[in-house]
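Visitor: I'd like a close look at a single part here, please. Take me through the contact between the chains, and don't rush.

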Protein chains: 2
Amino acid sequence: MAVESELRRGRTNVRSNVRKAPGPCEHWNDDSADFIREILDLVGDKWSVLIIGTLADGSVRYSDLADAIPGISQRMLTLTLKQLQRSGLVDRTAYAEVPPRVEYSLTALGSSLLATVLELAAWSADRHVEIRRHQHAYDTREA
Amino acid sequence: MAVESELRRGRTNVRSNVRKAPGPCEHWNDDSADFIREILDLVGDKWSVLIIGTLADGSVRYSDLADAIPGISQRMLTLTLKQLQRSGLVDRTAYAEVPPRVEYSLTALGSSLLATVLELAAWSADRHVEIRRHQHAYDTREA
DNA sequence: CTGAATCCATCCGGATACTG
DNA sequence: CAGTATCCGGATGGATTCAG
């Protein structure tokens with residue numbers, strides 16, 4: 001996701017010797033490919049998706065997110081939340097209390113993404129057995 | 001994507017001291033989260049998605065893929081194709097000719113994923129302006 | 001043309017310690 | 001509680017070279 005560098009600079013430095021290749025594609029042009037990359041940088045890593053899924057229910061506070069998402073480090077939780085907030089997918093609300101309480105929730109934009117993400121999740125659940133079968137067959141072919 | 005290690009070993013080594021956290025989630029359980037991770041490892045990087053999109057039209061040969069996807073290195077093209085083939089999303093057909101010709105195409109499984117991916121692409125195209133606006137506002141707030 | 005193999009700078013992300 | 005700061009090993013992926 002390149003969270004860290006992404007946060008300080010708006011774009012990934014892609015300077016490369018690519019001439020606009022003549023490749024035809026029915027479904028998207030070169031610009032669309034850039035959009036995809038942007039979104040993939042947002043939701044292409046597991047943490048973003050898991051956070052979005054966890055926030056689907058409503059507002060969740062920081063420590064509850066940490067508990068709800070096993071294996072995530074404080075660092076990545078904070079970093080990913082900040083990234084999602086920066087992109088307008090997540091709202092952050094801090095309450096001036098002691099002890100401090102901060103709640104995160106999906107914005108309308110985030111919710112609209114959730115729908116698509118859930119479809120991907122459904123696809124995953126439906127096909128993961130078949131995929132595993134393919135992978136195992138591939139790995140043990142003529143071994 | 002962890003292509004390299006993923007190709008030799010079936011799973012990413014995740015051994016960590018996570019107890020099955022009590023986190024409730026309306027949309028998926030801990031196992032589903034694993035599925036998501038698997039699929040994200042497959043399509044969570046830009047190259048996989050771009051390759052799948054390019055293969056949407058039909059069979060495409062190796063060098064044409066390289067031309068159609070600006071910026072991809074030979075290494076990543078080969079590696080990603082192999083990964084997709086391993087998972088049963090892509091078919092590889094080699095023709096015994098001189099010069100050699102190898103064509104790649106989506107399997108039925110791959111096509112079914114394409115549909116979901118296209119939705120994500122559409123979402124990206126629809127919202128990327130809004131997202132950029134959020135990001136810019138965030139970056140320049142009280143700077 | 002279609003890769004495979006190696007090298008290596010860069011980045012990612014977990015662990016740990018510290019703060020308001 | 002809700003983060004921030006730093007360290008640092010390992011993964012990532014581009015460039016290059018070699019091969020069938």
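Guide: A word on the labels before we start: helices (H or I, at least four residues) and strands (E, at least two) are DSSP runs, numbered from the N terminus. Bear in mind, too, that this is a predicted model.

With those labels we can place a landmark on each chain. In chain A, P99(A) sits in the loop between β2 (90-95) and β3 (101-106), and the peptide bond joining V98(A) to P99(A) is cis, with omega at about 0°. Chain B has P99(B) in the loop between β2 (90-95) and β3 (101-106) of chain B, and there the bond from V98(B) to P99(B) is cis, with omega near 0°.

Now for the contact itself. Chain B puts 63 residues into it, and chain A puts in 63 residues. Together the two chains bury about 5900 Å², and 67% of that is on carbon and sulfur atoms. On the chain B side, W28(B), R86(B) and W123(B) supply 11% of the area chain B buries against chain A, more than any other three residues.

How is the polar side of things handled? The interface holds 12 residue pairs in polar contact, both partners at pLDDT 80 or more. As for which parts of chain B do the touching, α2 (30-43), α3 (46-54), α4 (62-68), α5 (74-86) and α6 (108-140) each bring at least two residues to the side facing chain A. The biggest giver is α6(B), with 22 residues. Sort that whole side of chain B by residue type and you get 32 nonpolar, 15 polar and 16 charged.

Some of those charged residues pair up. Over all chains the count comes to 10 salt bridges, and four salt bridges span the interface of chain B and chain A. One salt bridge joins D139(B) to R86(A), with the closest N and O atoms 2.4 Å apart. Another links E38(A) with R132(B), where the closest N and O atoms are 2.7 Å apart. That second pair runs between chains, from E38(A) in helix α2 of chain A to R132(B) in helix α6 of chain B.

Helix α2 of chain A is also a good place to watch helices pack across the interface. The axes of α2(A) (residues 30-43) and α3(B) come within 10 Å and cross at roughly 140°, and the crossing is right-handed. On the α2(A) side you'll find A33(A), I36(A), R37(A) and L40(A), meeting K46(B), W47(B), V49(B) and L50(B) from α3(B). By type, the residues of this contact come out as six nonpolar, no polar and two charged.

Then swap the chains around and look at α3 of chain A, residues 46-55, against α2(B). This pair packs at an angle of about 140°, with the axes 10 Å apart, and α3(A) passes α2(B) in a right-handed crossing. Here K46(A), W47(A), V49(A) and L50(A) from α3(A) make the contact with A33(B), I36(B), R37(B) and L40(B) from α2(B). The tally for this contact of α3(A) with α2(B) is six nonpolar, no polar and two charged.

So, if you're turning the model on screen, try picking out α6(B), which gives the most residues to the chain B side, and then move to R132(B) in that helix, with E38(A) as its salt-bridge partner.

Definitions and conventions
Residues are numbered from 1 along each chain as its sequence is written. Chains are lettered from A and ligands numbered from 1 in the order in which they are written. This is a predicted model: local features need pLDDT of at least 70, side-chain atom pairs count only at pLDDT 80 or more; totals for chains, interfaces and linings use all residues. Side-chain values use heavy atoms; hydrogens and water are left out. Contact means heavy atoms within 4.5 Å. Buried area is the accessible area (1.4 Å probe) that two parts lose on being put together, summed over both. A salt bridge is a side-chain nitrogen of Lys or Arg within 4 Å of a carboxyl oxygen of Asp or Glu. A polar contact is a pair of N or O atoms within 3.5 Å; within protein, one must be able to donate a hydrogen and the other to accept it, and residues adjacent in sequence count only if both atoms are side-chain atoms. Ala, Val, Leu, Ile, Met, Phe, Trp, Tyr, Cys and Pro count as nonpolar, Asp, Glu, Lys and Arg as charged, and the others, Gly among them, as polar. Axes are lines fitted to C-alpha atoms, for helices over the stretch in contact, and angles run from 0 to 180 degrees between N-to-C directions. A crossing is left-handed if the near helix is turned anticlockwise from the far one by less than a right angle, and right-handed if clockwise.
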